[in-house]
Amino acid sequence: MAPKTERIEFLRAVRQLHRVRSFYAVGVLLWAGSTAWTGWQAPGSRQMWVSVLLLAVFTALLATAGLTLRRLAVPTTGRPAHHAAPHKTANLHHKAAGTRHAHA
């Protein structure tokens with residue numbers, strides 16, 4: 001049972017990393033806008049440089065999250081995601097009951 005639990009935890013971690021990457025992307029967009037606005041209003045000011053620094057931090061975090069997600073590609077198990085009953089059993093049931101349905 002340990003491999004199944006490990007896989008579930010792995011998939012949860014990957015999902016959380018996707019959410020974090022989205023958060024960093026929004027941060028990059030907001031700090032890019034803030035940097036542009038502050039650079040336009042007060043070029044060379046302390047606020048502009050703080051915006052540039054935070055833009056660089058969020059860009060580095062976004063790049064790190066993206067590279068980690070690429071490295072942690074979800075391994076395939078070779079099994080279908082949904083374990084539904086095969087269609088053959090339904091057809092065998094109908095034949096055993098002696099009823100045939102015309103397919104449209």
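How many aromatic pairs does a search of the whole structure find? I began my notes with this query, and the search returned three aromatic pairs, where rings of Phe, Tyr and Trp (its six-membered ring) pair if their centres lie within 6.5 Å, with planes under 30 degrees apart counted as stacked, over 60 as edge-to-face and the rest as tilted.

**Ground rules.** I am working from a predicted model, in which local features need pLDDT of at least 70 and side-chain atom pairs count only at pLDDT 80 or more, while totals for chains, interfaces and linings use all residues. Residues are numbered from 1 along each chain as its sequence is written, and side-chain values use heavy atoms, with hydrogens and water left out.

**Aromatic pairs.** I looked up Phe 23 and Tyr 24, which form a tilted pair at 6.0 Å centre to centre with 55 degrees between the planes. Phe 23 also forms a tilted pair with Phe 58, at 6.3 Å centre to centre and 55 degrees between the planes. Because Phe 23 lies in helix α1 and Phe 58 in helix α2, this pair ties together parts that are 35 residues apart in sequence. Phe 23, Tyr 24 and Phe 58 form one aromatic cluster.

I then checked accessibility, taking buried as under 20% relative accessible area, exposed as over 50% and partly exposed as in between (1.4 Å probe, protein chains only). Phe 23 counts as exposed at 55%, whereas Tyr 24 is buried at 17% and Phe 58 is buried at 16%.

**Fold.** I found three helices and zero strands, with helices (H or I, at least four residues) and strands (E, at least two) taken as DSSP runs numbered from the N terminus. For helix α2 (residues 46-71), I compared the end C-alpha distance of 37 Å with the 38 Å that its 26 residues should span, and the two agree; the expected span is 1.5 Å times one less than the number of residues.

**Core.** I listed the buried residues of α2 as Met 48, Ser 51, Leu 55, Phe 58, Ala 65 and Leu 69. The largest nonpolar core, a set of buried Ala, Val, Leu, Ile, Met, Phe, Trp, Tyr and Cys residues joined through side-chain atoms within 4.5 Å, has eight residues: Val 14, Leu 17, Tyr 24, Val 28, Leu 55, Phe 58, Ala 65 and Leu 69. The elements giving two or more residues to this core are α1 (2-41) and α2. With contact meaning heavy atoms within 4.5 Å, I noted that Leu 69 touches Val 14, Leu 17, His 18 and Arg 21, not counting residues up to four places away in sequence.

**Totals.** Buried residues make up 13% of the 104 residues in the protein.
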